[in-house]
Amino acid sequence: MQPAVATGAACTSALAARGMRVEAWQVPDRRCPVTTPVRPVSGSTLSPPPGTACGMLLAWSDFEREIDKLARDIAGAGLRATHSRGSYACRAMTGNAGRRSLHASGLALDIGGFTLDDGTIVSVAQDWGRRDAKGRLLRAIARAGCRRFSAVLTPATDRFHHDHLHFDLGPWKICDA
Ligand SMILES: [Zn+2]
């Protein structure tokens, strides 16, 4: 089932209620419109702050709290920063030219890794598939993401995802965790 995606003022005020300040951004390509395009200004761990559809940022802001808890439980330190690899891109899906990517509507987010409160860096490219705490944390984050997002793509998916996790709110349910 496709998750409900918040839009407009209902979405931006929900972000404000979570302590996140956002600004609007100008969608550069008319062929790929975005519903309620926003970018975090403060109150988000995403770095650099990506321009997304508001609904994606709202879903992500709730997920950040779960990641923080998983990081404390598995790696002994909370979440300081999420290494964002960007959201919006007016293009087709990788490996499937016939379908438009969820990135084209700002409803997808690519994540390269995380920095924890103790300075530990958890990298998808280096730590995915390992049996240590970093590897287990990445796996737990991907699994948890499958309960919140439509698609979670990982290095287990294909070569296009060897160095990042992809989360989206599209119509297709995929869980490669
Ligand atoms: Zn992606």
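Helices, here, are DSSP runs of H or I at least four residues long, numbered from the N terminus. On that basis D73 sits in helix 2, which covers residues 54–75. The points below concern a predicted model.

1. Overall make-up. The protein has four helices and 12 strands. Its radius of gyration is 15 Å, close to the 16 Å that the globule rule gives for 177 residues, so the protein is as compact as a globular protein of that length. The C-alpha trace spans about 45 × 40 × 30 Å along the principal axes.

2. Burial and contacts. Of the 177 residues, 47% are buried. Counting contacts between residues at least 6 apart in sequence, 57% join residues at least 24 apart.

3. Surface and charge. About 8500 Å² of the protein is exposed, and carbon and sulfur atoms supply 49% of that area. There are 23 positive and 16 negative charges, and their mean positions are 3 Å apart.

4. The zinc site. Which residues coordinate the zinc ion? The donors are H103 through NE2, D110 through OD and H166 through ND1, at 2.0 Å. Their spacing in sequence is H-x6-D-x55-H. H103 belongs to the loop between strand 7 and strand 8, while H166 belongs to strand 11 (residues 165–168), so this pair ties together parts that are 63 residues apart in sequence. Both H103 and H166 are buried.

5. S101. The loop that holds S101 runs between strand 7 (96–100) and strand 8 (108–116). Is S101 buried or exposed? S101 has a relative accessible area of 5%; the cut-off for buried is under 20%, so S101 counts as buried. Apart from neighbours within four places in sequence, S101 is in contact with R91, A92 and M93.

6. R91. This residue is in the loop between strand 5 and strand 6 (92–93). Its relative accessible area is 32%, so R91 is classed as partly exposed. With neighbours within four places in sequence left aside, R91 is in contact with C32, R100, S101, H103 and A104. One of these, H103, is also a donor to the zinc ion. R91 and G55 are 36 residues apart in sequence, and their C-alpha atoms are 20 Å apart in space.

7. T82. Strand 5 (residues 79–84) contains T82. Its relative accessibility is 0%, so T82 counts as buried. Outside the four places on either side in sequence, T82 is in contact with T45, L46, S47, W60, E64, I111, G113 and F114. The C-alpha atoms of T82 and L116 are separated by 8.9 Å, with their positions 34 residues apart along the chain.

8. Backbone points to check by eye. Most residues other than glycine have a negative phi, and most peptide bonds are trans. Two places in the model are worth listing against that background. S47 and P48 are joined by a cis peptide bond, with omega about -10°. P48 is in the loop between strand 3 (46–47) and strand 4 (52–53), and S47 is among the contacts of T82. T36, which is not a glycine, has a positive phi of about 55°. T36 is in the loop between strand 1 (21–24) and strand 2 (37–42).

9. D73. Where does D73 lie? As said at the start, the residue is in helix 2. D73 has a relative accessible area of 52%; exposed means over 50%, so D73 is classed as exposed. The C-alpha atoms of D73 and L137 are 9.0 Å apart, although the two residues are 64 apart along the chain.

10. R131. The loop between helix 3 (124–127) and helix 4 (133–148) holds R131. At 80% relative accessibility, R131 counts as exposed. R131 and S105 are 26 residues apart along the chain, and 35 Å separates their C-alpha atoms.

Definitions and conventions: Residues are numbered from 1 along each chain as its sequence is written. This is a predicted model: local features need pLDDT of at least 70, side-chain atom pairs count only at pLDDT 80 or more; totals for chains, interfaces and linings use all residues. Side-chain values use heavy atoms; hydrogens and water are left out. Helices (H or I, at least four residues) and strands (E, at least two) are DSSP runs, numbered from the N terminus. The radius of gyration is taken over C-alpha atoms; the globule rule is 2.2 Å times the number of residues to the power 0.38. Buried means under 20% relative accessible area, exposed over 50%, partly exposed in between (1.4 Å probe, protein chains only). Contact means heavy atoms within 4.5 Å. Accessible areas come from the Shrake-Rupley method with a 1.4 Å probe; for residues, only the protein chains shown count as cover. Lys and Arg count as positive and Asp and Glu as negative; His and the chain ends are not counted. The place of a charge is taken as NZ of Lys, CZ of Arg, CG of Asp or CD of Glu. Donors are N, O and S atoms within 2.8 Å of the metal (3.2 Å for Na, K and Ca); water is not among the atoms, so sites may look incomplete.
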